[in-house]
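Work through the exercises below with the sequence and the model side by side, and try each task before reading its solution.

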Amino acid sequence: MRVLVTGHKGYIGSVMVPMLLNAGHEVVGLDSDLFQQCTFSPGIHDVPEMRLDLRDVQPTHLDGFDAVIHLAALSNDPLGT
């Protein structure tokens, strides 16, 4: 299955992406890279990615995906809870 994971470099995404890869899924990440200096897990950068703000996603960005796992949020922002 081809899966798009928003927030793939974040707290949860950095754990979920390797799990999806180990299960045999093709994973593409989508992240704005606001915190690009922070890395939580080695290998997280090995998946293809779209560097894009979630608010700028267009329907064409979703073409070819079987599933979207939405994990994108601003950490420590009360609006993200």
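A polar contact is a pair of N or O atoms within 3.5 Å, where, within protein, one atom must be able to donate a hydrogen and the other to accept it. The model used here is predicted.

**Exercise 1.** Locate T6, decide whether T6 is buried or exposed, and find which backbone atom its side chain reaches.

*Solution.* Begin with the secondary structure, where T6 belongs to strand 1, which spans residues 2–6. Next take the accessibility: because the relative accessibility of T6 is 4%, and buried means under 20%, T6 counts as buried. Then follow the side chain of T6, which comes to 2.9 Å from the backbone nitrogen of L71, a distance to be judged against the limit of 3.5 Å. Finally, list the surroundings: with residues up to four places away in sequence left out, T6 touches L30, L54, V68, I69, H70, L71 and A72.

**Exercise 2.** Place H25 between its flanking elements, classify its exposure, and determine which residues beyond its sequence neighbours it contacts.

*Solution.* H25 sits in the loop that runs between helix 1 (13–22) and strand 2 (26–31). Its relative accessibility is 24%, and H25 therefore counts as partly exposed. Once neighbours within four places in sequence are set aside, the contacts of H25 are M1, V3 and L20. For V3, the C-alpha to C-alpha distance to H25 is 7.0 Å, although 22 residues separate the two in sequence.

**Exercise 3.** Find which ring the charged end of R2 sits over, and how many aromatic pairs there are.

*Solution.* The charged end of R2 lies over the ring of F65, at 4.2 Å from the ring centre. The count of aromatic pairs, by contrast, is zero.

Technical notes: Residues are numbered from 1 along each chain as its sequence is written. This is a predicted model: local features need pLDDT of at least 70, side-chain atom pairs count only at pLDDT 80 or more; totals for chains, interfaces and linings use all residues. Side-chain values use heavy atoms; hydrogens and water are left out. Helices (H or I, at least four residues) and strands (E, at least two) are DSSP runs, numbered from the N terminus. Buried means under 20% relative accessible area, exposed over 50%, partly exposed in between (1.4 Å probe, protein chains only). Contact means heavy atoms within 4.5 Å. Rings of Phe, Tyr and Trp (its six-membered ring) pair if their centres lie within 6.5 Å; planes under 30 degrees apart count as stacked, over 60 as edge-to-face and the rest as tilted. A charge sits over a ring if NZ of Lys or CZ of Arg is within 6 Å of the ring centre and within 35 degrees of the ring normal.
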